[in-house]
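Me: I have a model open and would like a close look at one part of it, starting from the N-terminal end. Could you walk me through how that part is put together, and then place it against the rest of the chain?

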Amino acid sequence: MQLTPMAPKCGVEVSGVSLANCTDAEMDNIRTTIYEHGVAVFRDQEFSPEDHITFGKRWGGVDVNKYFPISDDFPEIALVKKEADESTNIGGAWHTDHSYDQIPAMGSVLVARDLPPSGGDTQWAHMGAAYDALPDDLKAEIEGLSAFHTADHVYKEDGLYAQTDMGKNLRGQHVRTGATHPVVIRHPQTGRKLLYVNGGFTINFVGQTREESLPLLQRLLDAAVMDDNQCRLQWKPGTVAIWDNRTSWHNALNDYAGHRREMHRITLSGEPLAA
């Protein structure tokens, strides 16, 4: 395996490995790479839906997303798609997946299946680098804080997505979520301190109202997406991206109006988070 940095602080491209046929030793190296860098990109992969599911199960477990449409033939695979006549995409804002669950998903394996002629890039930002760059007084202010996360305002019957042309594609509008996590966590494998809030699902700090929480929360959200903390992926046929939801945020850019885009996603099971 050869690693090429995508940006100074976030993301790597990995060459010299076939995900469908990787050895146990290569799988261990892939895990470590993603835990450290937040996201790893693999080009020119032959990766069928069956390969996709097998890889996810080898990693350690697959979580079926409650909301996304799923493949009729492969229910473990969520369809992240936008039709040519739709204007809203899934995941079109900075966030980290499943922070609204008591045990958040570790990450995702996303496979390009149908791409627009241009556009549709994905950005990631590294939450270890984000925490490291915070001034000492801000680190002290958030030490010991916890925050409440939910997806209800996004996915419920009258939520943000239901009011768009993409809402008709989603499932789980009756599902209700809510979880409390430390604002600063330690990565379960690397031990690195990570900032664990996000603009999509973090609502308030414990003991504060939404309004009371917003000034500090916005400072953290702004710090997380400093330009030198980001990487950006231009998708091509055969590209697979695997990321760690604890180590990174991501944002799916919506700049391909009039064209279809379909990605296949498997969500990898996680573990409880701790300060």
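Reply: What follows starts at the N-terminal end, goes through the strands and helix there, and then moves out to other parts of the chain. One thing up front: this is a predicted model.

Let's begin with methionine 1, which sits in the segment before strand 1. Its relative accessible area is 33%, so methionine 1 is partly exposed. It has plenty of company: Methionine 1 touches Val14, Ser15, Gly16 and Val17, along with Glu26, Asn29, Ile30 and Thr33, leaving aside residues up to four places away in sequence. Take glutamate 26 from that list: 25 residues separate it from methionine 1 in sequence, yet the two C-alphas are 7.8 Å apart in space.

Next come the first two strands. Strand 1 covers residues 2-5 and pairs with strand 2 in the antiparallel sense, over four bridges. Threonine 4 is the residue facing glutamate 13 of strand 2. The two strands make a hairpin with six residues between them, and in the turn glycine 11 has a positive phi of about 85°.

Now look along strand 2, residues 12-15, where the side chains alternate. Val12 and Val14 are buried and point to one face, whereas Glu13 and Ser15 point to the other face and are not buried. That fits the general rule that side chains in a regular strand alternate between the two faces of the sheet.

Strand 2 has another partner too. It runs parallel to strand 3 (residues 39-42), and three bridges join them. Here valine 14 has phenylalanine 42 as its bridge partner in strand 3. To get from strand 2 to strand 3 the chain passes through helix 1 (residues 24-37), and this β-α-β crossover is right-handed.

Helix 1 deserves a moment of its own. It has 14 residues and reaches 20 Å from first C-alpha to last, close to the 20 Å expected at 1.5 Å a residue. Which of its residues are buried? They are Met27, Ile30, Arg31, Thr33, Ile34 and Tyr35. An α-helix has 3.6 residues a turn, so residues three or four places apart point the same way. The buried residues of helix 1 pack against strand 1, strand 2 and strand 3, and also against helix 2 and strand 14. Two of them, Ile30 and Thr33, are among the residues that methionine 1 touches. Right after helix 1 comes glycine 38, with a positive phi near 90°.

Carry on past strand 3 and you reach the loop that leads to helix 2 (49-59), where aspartate 44 lies. Its phi is near 55°, a positive value in a residue other than glycine. With a relative accessible area of 69%, aspartate 44 is exposed. For contrast, try histidine 98, in the loop between strand 5 and strand 6. Histidine 98 is not a glycine either, and its phi is positive at about 65°. But histidine 98 has 3% relative accessibility and so counts as buried.

How does this region tie in with the rest? Strand 3 is one of the elements giving two or more residues to the largest nonpolar core, and strand 14 (240-244) is another. That core has 27 residues, and Phe68, Trp124, Tyr155 and Trp235 have the most contacts inside it. Tyrosine 155 touches Tyr67, Phe68, Tyr161, Leu170, Gln173 and Phe201, again not counting residues up to four places away in sequence. There is a second, separate core of 26 residues, which includes Ala125, Ala130, Leu138 and Ala224.

Ala224 takes us to helix 6, where it is one of the buried residues, alongside Ser213, Leu216, Leu217, Leu220, Leu221 and Ala223. Helix 6 (residues 210-224) reaches 20 Å between its first and last C-alpha, close to the 21 Å expected for its 15 residues at 1.5 Å a residue. Still, helix 6 has a kink of about 35°, centred on leucine 216. The elements its buried residues pack against include strand 7 (122-126), helix 3 (127-133) and helix 4 (136-142).

Note on methods
Residues are numbered from 1 along each chain as its sequence is written. This is a predicted model: local features need pLDDT of at least 70, side-chain atom pairs count only at pLDDT 80 or more; totals for chains, interfaces and linings use all residues. Side-chain values use heavy atoms; hydrogens and water are left out. Buried means under 20% relative accessible area, exposed over 50%, partly exposed in between (1.4 Å probe, protein chains only). Two strands pair if DSSP finds at least two bridges between them. A crossover is right-handed if, with the strands pointing away from the viewer, the path from the first strand over the helix to the second runs clockwise. A nonpolar core is a set of buried Ala, Val, Leu, Ile, Met, Phe, Trp, Tyr and Cys residues joined through side-chain atoms within 4.5 Å. Contact means heavy atoms within 4.5 Å. The expected span of a helix is 1.5 Å times one less than its number of residues. The bend at a residue is the angle between axes fitted to the seven residues ending there and the seven starting there.
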